[in-house]
Amino acid sequence: MAWKFDSNRPIYLQLLEQIQFKILSNEYLPGEKLPSVRELATMAGVNPNTMQRALSQLEQQGIIFTNRTEGKYITTDTLRLLQMKEAFAKEMASSFCHKMKQLNYSSSELMTLISDVLKEEKL
C-alpha cells in the first residue's frame, strides 16, 4: 500500500492509521519485526521524528512493542488485534451507512446495493 497523505490532517495521525491498517490487514503479521524508524520514515517520505511519534502512539495502544536491543515488533496478542479489526470495520461501516443515508438510501435499498456489490466482488 502506497503512503498517501491529506494535507488537512496531522501526518503522524495518518501514519498511525496507515500502519494500523497494514497490521490489521496482515501486511505486517503478529510477532513480526517492523522496519526501523528511519526505514519506515524513508518509505513514507516523512521526517523520522514524525514516524517515531506515530509509532509511540501505536506502542501506547499496545499494537506494537519495543525490544530495546532488537527494534519494534507487532504484538502477538491476536485477540487484541481481532478486537481492533472489528472496531475498525464497524467504524468504516458506520461511516458508509451515514453517507448512504445522506444520499437518501433506505435500509432495504442499502442492503440490496451491498448484496449486489458482494456478488460482483465475489466475496
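Start by selecting Phe96, Cys97 and Met100 in helix 4, then add Leu110, Leu113 and Ile114 in helix 5: these two groups meet, where contact means heavy atoms within 4.5 Å. By class, this contact has 6 nonpolar, no polar and no charged residues (Ala, Val, Leu, Ile, Met, Phe, Trp, Tyr, Cys and Pro count as nonpolar, Asp, Glu, Lys and Arg as charged, the others, Gly among them, as polar).

A quick note: this is a predicted model, where local features need pLDDT of at least 70, side-chain atom pairs count only at pLDDT 80 or more, and totals for chains, interfaces and linings use all residues. Residues are numbered from 1 along each chain as its sequence is written, and side-chain values use heavy atoms, leaving out hydrogens and water.

Now show helix 4 (residues 78-102) and helix 5 (residues 107-121) whole: they pack at an angle of about 125°, axes 11 Å apart. That makes helix 4 oblique to helix 5.

Stay on helix 4 and pick Lys99. Is Lys99 buried or exposed? Lys99 is partly exposed, at 49% relative accessible area (buried is under 20%, exposed over 50%, partly exposed in between, with a 1.4 Å probe and protein chains only). Add Phe5, 94 residues away along the chain: the two C-alpha atoms are 22 Å apart.

Next, select Ile23, Met51, Leu55 and Ile64, which touch the most other members among the 22 residues of the largest nonpolar core. Helix 1 (11-24) is one of the elements giving two or more residues to this core, and its 5 residues are the largest share.

Finish on Leu55: look around it for Ile19, Leu34, Val37, Leu40, Ile64 and Lys72, which Leu55 touches, not counting residues up to four places away in sequence.

Methods:
Axes fitted to C-alpha atoms, helices over the stretch in contact; angles between N-to-C directions. Helix = DSSP H or I, 4+ residues; strand = E, 2+ residues; numbered from the N terminus. Parallel < 35°, antiparallel > 145°, perpendicular 65-115°, else oblique. Core = buried A, V, L, I, M, F, W, Y, C linked by side-chain atoms within 4.5 Å.
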